[in-house]
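Trainee: Could you take me through one part of this model closely, and then show me what else there is to see around it? I would like to start with a sheet and its strands.

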Amino acid sequence: MKRCWLIALFVAVCLLAASSGWYFLPRPLLLEGVTFSSTIRDRHGALLRLTTASDQRYRIRIGMHEVPEDLVEAVMTQEDRGYWQHIGVNPLSLMRAIGELIIGGPRSGASTLTMQVVRLRYRLNTRTIPGKLWQILYALQIERHYDKSQILQAYFNMAPYGRNIEGIGAASLIYFGKKPKELSRQEILALAVLPQSPTKRTPVHGVDPESLLRARQRLNRLTWNDPLADLPLHYHRIEELPFFAPHRVQAALAHKQGNFCLTLDLTTENIAQRELQQYLRDHSSAGVNNAAALLVDSESMEVLASVGSGGFWNRLIAGQNDGTRQFRSPGSTLKPFVYGMAIEHGLINPSSLMFDTPVRFGDYLPENIDGAYDGPIPARLALIRSRNLPAVTLAARLGSNALYRFLIAAEVRGLKANNPYGLSAVLGTVDITMEDLVRLYAALVNNGRVKPLRTFLDDPKTEGAQMLSPEASFITLDMLTTSEAAIRLPSALSVNLPYKTGTSTGFHDAWCCGVIGRYVLVVWLGNFNGQANPSFTGRTAAVPLFLRIASKLAADKKIIAMPLSPPPKANLLQINVCSVSGCIAGPNCPHLKKEWVIPGVSPITRCHLHDAGGLENWDSEAERFFETVGLPRKASLSNRLNAELQILALPKVISWHRTQRSAERFIALRAQTGNQVTQLFWFANRSFLGSSERGQAFYWSPAPGAYTIAATDDQGGTASVQITVEPDR
């Protein structure tokens, strides 16, 4: 009797020691350090891509609230019916397994779900005795420090489902295209039994292997005995995983990992990609093999479609480069913003006569791409025809830094420091990305506010920076709808779309940037290696691609073309102007047209071009051009003998950056005179500067200070203006 008590006491002490040791076991890692896949979806939840984790396995992190109760029941029935009662190890199952090992014969599993989690987490070889002992120890540790729900969550995140698929999240998505909560009982049964023997049961051919079918039918009899659950299943294969919008997704993954949604609309993305690739196939004989396109909703600044190249896997075009993010010459696509600034500063209105004539700016002598000149031309035609000389002249009147400062304030990326571009920036010498171009054109729709693009659905909205007035932005867009070069969609034949083309020097890049209602679409054609092609012109290459994509999107109701309307409460007025001079129509003007102006800002004068006899009194600069090119005009009999001398508008404040070359620090002084004037004399604060012939500019490099600029002609006419030249910045 005494001996029995001693044995009982010894057992009690051993149990007490074991329990104490169990209590003090250290906390092991469970899901900490396990890496997971990223799932990238579009704005509606459609899967764009599923990546592998860092160990090249598909594994999607899920919580227990995402696991259906039927799946938990099925797994418990299949794997561990005593899960909720044991402490990580089932002693009875272990003893039974040891006995079967000693006496031989069929072996039954002794591993609990907790032990399976240990094997999966620590990659143990549990077929050896040391491996099994470590498995038991880790199982006790895990049960000591984690609750049952946490351990079960770890199982559902790491269970093997064949090939390199782990976890119920990845398995349900890859095999059935669903989230775990959406699984049917058929699918639940298949995924409950697959981890028990993934090598034999993996549905590699899209149908149930015999062993998988038998296993899930057997489990069905143990659980719900549902005859529908025994029906054959169709499984998707890993090779069928989507790989949509590869460039935009790749860029997103460089900034974020995990499960997230992009602003892309998959249907819109696929339409844009399909139309772009078909266009390239149709024009491949002309060496047109690569293009990119970007569509943005200007209201939300969300990227709806982003096609980075003609083919992501096409090595011949280096297709994995992203054309929406590459720095390229924009050609003439920046000209609208120079015109917008000129309108805002009151230098022009849309019908102001400009001069497409040869002109030199210091040592810079710009030319038109066709080598020809149009002479006097309304501003809106100069813009839509993309004449270089009027654009550079406007840039000079604004100040050689104006466009550079505009781009800096708009947070355009990649600009070189200290403005090495000068006036040539307006012609495309500054490289820019499609992303920044689309932001700038969206600013015209957003009443002059430049805002950042939104790529992730949870990106915050921002107010952006006010770069142009709402009035100047609207008038600039209206100029881009000019009928002479209008483009329209089949779904809205009465609506002229605002757009601008661009062709880089040497035919390396072709652009079309356009507005369709609230949407902005920009397309580019070229070669990533910079190879030139005469086919790369904005008008002949980019516009057709733009129209092809926009027409298909409009036909599918993804975008809607709408006529322009002035911003609410904008300071805008539509007036009758002379269709030739662009000034307020006089009694002798034969043709009138409506034009938008900004009261108190736009330069508005009454037309003096037409006289009662139906003849034209052109100013000195125009007459000089007509004489040079031999173009006959309706010369006035009066010959404008009494015309007043007028200095053309200058910026009131002029500044230069300290790094600008001296050749760039000049002001072009110009004046309009009567036709009998032959020479002009220029003064600054009563000091004589020099003289110029009628119709020519006088170039002056002033020091900082306040000046009264005066001009006197050889017929006795005088005029003056005040300007301030600021010190170097």
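Mentor: What follows starts with one sheet and the helix lying across it, then turns to other strands, a helix pair and the cavities. Keep in mind that the model is predicted.

The sheet to look at is an open one of 5 strands, in the order 7-6-14-13-12, and its pairing is antiparallel. Its edges are strand 7 (302–307) and strand 12 (499–503), each of which pairs on one side only. On average, neighbouring strands of this sheet are turned by 10° against each other, direction ignored. Within the sheet, look at strand 6 (residues 291–297) and strand 14 (residues 519–526), which pair in the antiparallel sense over 7 bridges. To find one of these pairings in the picture, start at Ala293, whose bridge partner in strand 14 is Val523. In a regular strand, side chains alternate between the two faces of the sheet. Helix 12 (residues 266–282) lies across strand 6, strand 7 and strand 14, and runs at about 30° to strand 7.

Now set another sheet beside that description. An open sheet of 3 strands has the order 2-1-5, and here the pairing is mixed. Strand 2 (47–50) and strand 5 (259–261) are the edge strands, each pairing on one side only. The average turn between neighbouring strands of this sheet is 15°, direction ignored. Strand 1 (residues 39–41) and strand 5 run parallel and are joined by 3 bridges. Thr39 has Asn259 as its bridge partner in strand 5.

A hairpin gives a further case of pairing. Strand 21 (residues 679–684) and strand 22 (residues 687–693) run antiparallel, with 6 bridges between them. Gln679 stands opposite Glu693 in strand 22. There are 2 residues between the strands of this hairpin, and Asn685 takes a positive phi near 50°.

Helices also pack against each other. Helix 17 (residues 434–445) and helix 18 (residues 470–479) have axes 7 Å apart and pack at an angle of about 110°. Because of that angle, helix 17 is roughly perpendicular to helix 18. Where they meet, Ala443, Leu444 and Val445 come from helix 17, while Ser473, Thr476 and Leu477 come from helix 18. By class, the residues of this contact are 4 nonpolar, 2 polar and no charged.

Last come the empty spaces inside. Rolling a probe the size of a water molecule over the atoms shows where empty space is left. A search of the whole structure finds 4 cavities of 30 Å³ or more. The largest cavity holds about 130 Å³ of space. Its lining has 13 residues, and those nearest the centre of the largest cavity are Ala396, Arg397, Gly399, Phe666 and Ile667. Helix 15 (388–398) and strand 19 (667–669) are the elements that give two or more residues to this lining. The lining of the largest cavity divides into 9 nonpolar, 2 polar and 2 charged residues.

The second largest cavity has a volume of about 40 Å³. Among the residues lining the second largest cavity are Arg163, Ile165, Tyr175, Pro203 and His236. This second lining has 6 nonpolar, 2 polar and 2 charged residues.

Definitions and conventions: Residues are numbered from 1 along each chain as its sequence is written. This is a predicted model: local features need pLDDT of at least 70, side-chain atom pairs count only at pLDDT 80 or more; totals for chains, interfaces and linings use all residues. Side-chain values use heavy atoms; hydrogens and water are left out. Two strands pair if DSSP finds at least two bridges between them. Helices (H or I, at least four residues) and strands (E, at least two) are DSSP runs, numbered from the N terminus. Axes are lines fitted to C-alpha atoms, for helices over the stretch in contact, and angles run from 0 to 180 degrees between N-to-C directions. On a 1 Å grid over the protein atoms alone, a cavity is a set of points where a 1.4 Å probe fits but cannot get out, and a pocket is an open set with protein on both sides within 12 Å along at least five of seven lines; lining residues have an atom within 4 Å of a point. Grid points are joined across faces, edges and corners, and a volume is the space filled by probe spheres set on the points. Ala, Val, Leu, Ile, Met, Phe, Trp, Tyr, Cys and Pro count as nonpolar, Asp, Glu, Lys and Arg as charged, and the others, Gly among them, as polar. Angles under 35 degrees count as roughly parallel, over 145 as roughly antiparallel, 65 to 115 as roughly perpendicular and the rest as oblique. Contact means heavy atoms within 4.5 Å.
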